[in-house]
Amino acid sequence: MSDVKYSKEHEWIKLEGDVATIGITKHATEMLGDIVFAELPEKGSNVEKDGTAGVVESTKAASDVYTPVSGEVVDTNQEIVDDPSKINQDPENSAWFFKLKIKDKSEMDSLMNKDDYDKFAKETTA
Amino acid sequence: MEIKKTSLYQLHQDSNAKFVEFAGYQMPIQYSEGIVEEHKFTRNHSGIFDVSHMGQLFIYGDNKLIEDLEKIFPLDLKNLKLNHSKYSFLMDQDAGIQDDLIITKINEGFLIILNAACKDNDFKILKELLNDKYKMVLDENRSLIAIQGPKSSQILNEVISGVKDLNFMSGNWFLFDNQKVYITRSGYTGEDGFEISISNDFADKLTRELIKKGSKLVGLGARDTLRLEAGLCLYGHDLDKNKTPVEANLKWAISKERISKGDFIGSDIIIKQLNDGVSKIRVGIKPEGRIIAREKTKIFNQSDVHIGEITSGTFGPSVNGPVAMGYVENKFSKKDTKVFLEVRGKKHAANICSLPFYKKSYVKGTN
């Protein structure tokens, strides 16, 4: 999983060729609590770096999901829409949100690696 | 102002509570298992809620007090039996709801349970309305612990023998560790349960014993999903000064006898609304999909006309779907009326439905 990067908005992004899989981190799910609703971007739509690309809701509140890179949405994970509790169970693997055909690989450069993200997550909680 | 802590604060910390400030108190919103698990555990077993932030107002007096309180509350207090409770509200002259409350007849007078955010103001209003004639104590030395859910009767009875014989909406004094505790069979979750008024020094000990017997702490988060599924109002959201009990669809709580006399604060408006109808009314709203419509969500009719607003909305774990309540124009309040909820710029179909979303299982009394 060395090719996984992380954003300050608590998304993870895994790049394979020019297709990126994006989801939210375990830390994000722990802050949100039980997730009971997920809304994903439409397949074929274009999303811009740092723009909203979905919504998750816990019993308490709604939170936007941002995309850490720009691209065209080529796939979305219907399983988490049908059963949002899967996001709490396996956030950084099977409960991915959407896949993008990315435009500009250099957008990945500003993102954090695992160690930096873990440190960042710890600091923002404290 | 310094944030207040309840007597169970240490226990909440020991139980990994996540805290939130609520009405000036540091209160647990949830514990480590999370809102959904806590909600389900209450429905299936037994949950303990620290509601010590709520006001416990003792008013001491005899028949004169009953007469004076009848000028304030729309209740038949003369015929309220000793240790019996009624749901009611404190209204202003326009029948706007200043607070909703539970009033219980006790030997020395009345015990009134008030919302935390309203209690100090309620105290002032009542003191003035009663012309300072009676001893009134907003007791900060007592905690209030609710235990709710189907196993609660058995669990509490193991710790305080005899409580299982209480009827719904009635109470009595019991002993715990030689301390007098006042227990009513009531609650705000749609489940059978009890509320225990106990001296602060013994609240922690009692709660730990209830946990030992199999009950679990439940936070304010699950308290909100439980009460909403049960169709119960939350003051400051579903009820406020701009809403009357008739508009809030709570006319069942107003004594018919008292309406016929019409001599309580707000009675003119109440009688007018009962005769002429109201323009807006509280209803249950069930979204068709999974979309959650929160407080302040706008409600539209089929012709895209704005007809009302959501006042509470969340995901109901026992319903396994979104639930909401709100106020709509009266002519759109019939069950099964199709409406649309505007969430993040899109309109989502929903239906007006009867409350509760989740059926109650209260223990019925025989007397």
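# A walk through chain B

Start with β17 (residues 306-316) and β18 of chain B, which pair antiparallel over 8 bridges (strands pair if DSSP finds at least two bridges between them; strands are DSSP E runs of at least two residues and helices H or I runs of at least four, numbered from the N terminus). Before going further: this is a predicted model, where local features need pLDDT of at least 70 and side-chain atom pairs count only at pLDDT 80 or more, while totals for chains, interfaces and linings use all residues. Residues are numbered from 1 along each chain as its sequence is written, and chains are lettered from A and ligands numbered from 1 in the order in which they are written.

**Stop 1: the hairpin.** Pick I310(B) and you'll find its bridge partner, G326(B), in β18(B). Now follow the chain around the turn: 4 residues sit between β17(B) and β18(B) in this hairpin, and N320(B) there has a positive phi of about 55°.

Next, select residues 321-329 of chain B, which is β18(B); 7 of its 9 residues are buried (buried takes 20 or more other C-beta atoms within 10 Å of a residue's own, exposed 12 or fewer, partly exposed anything in between, with C-beta atoms placed from the backbone). β18(B) has another partner to show: β15 (residues 280-287) of chain B runs antiparallel to β18(B), joined by 6 bridges. Zoom in on G284(B), and M325(B) of β18(B) is what stands opposite.

**Stop 2: the side facing chain A.** Bring chain A into view. Here 11 residues of chain B are in contact with 8 residues of chain A (contact means C-beta atoms, placed from the backbone, within 7 Å). On the chain B side, α2 (35-44), α7 (220-229) and β17 each supply at least two residues.

**Stop 3: the open sheet.** Colour six strands of chain B in the order β11-β12-β13-β10-β4-β14: they form an open sheet with mixed pairing. β11 and β14 (216-217) of chain B are the edge strands, each pairing on one side only. At the β14(B) edge, β4(B) and β14(B) pair in the parallel sense over 2 bridges, and I48(B) has L217(B) as its bridge partner.

Turn on α5(B) too. This helix lies across β10 and β13 of chain B, at about 135° to β10(B) (axes are lines fitted to C-alpha atoms, for helices over the stretch in contact, and angles run from 0 to 180 degrees between N-to-C directions).

**Stop 4: helix α6.** Which residues of α6(B) are buried? Select A203(B), L206(B), T207(B) and L210(B). They share one side of α6(B) because they cover an arc of only 100° around the axis (taken from the directions from the helix axis to the C-beta atoms). Their packing partners in chain B include β10 (142-148), α5 (152-159) and β13 (193-199).

Flip the view: the face turned away carries the exposed residues D201(B) and K212(B). D201(B) counts as exposed because it has 12 C-beta neighbours inside 10 Å. Past the helix comes G214(B), with a positive phi near 115°.

**Stop 5: D99(B).** Finish in β7 (residues 97-106) of chain B, where D99(B) lies. Is D99(B) buried or exposed? D99(B) counts as buried, since 23 C-beta neighbours fall inside 10 Å. Leaving aside neighbours within four places in sequence, the contacts of D99(B) include F89(B), L114(B), C118(B) and Y235(B).

Terms used. Two residues are in contact if their C-beta atoms, placed from the backbone, lie within 7 Å.
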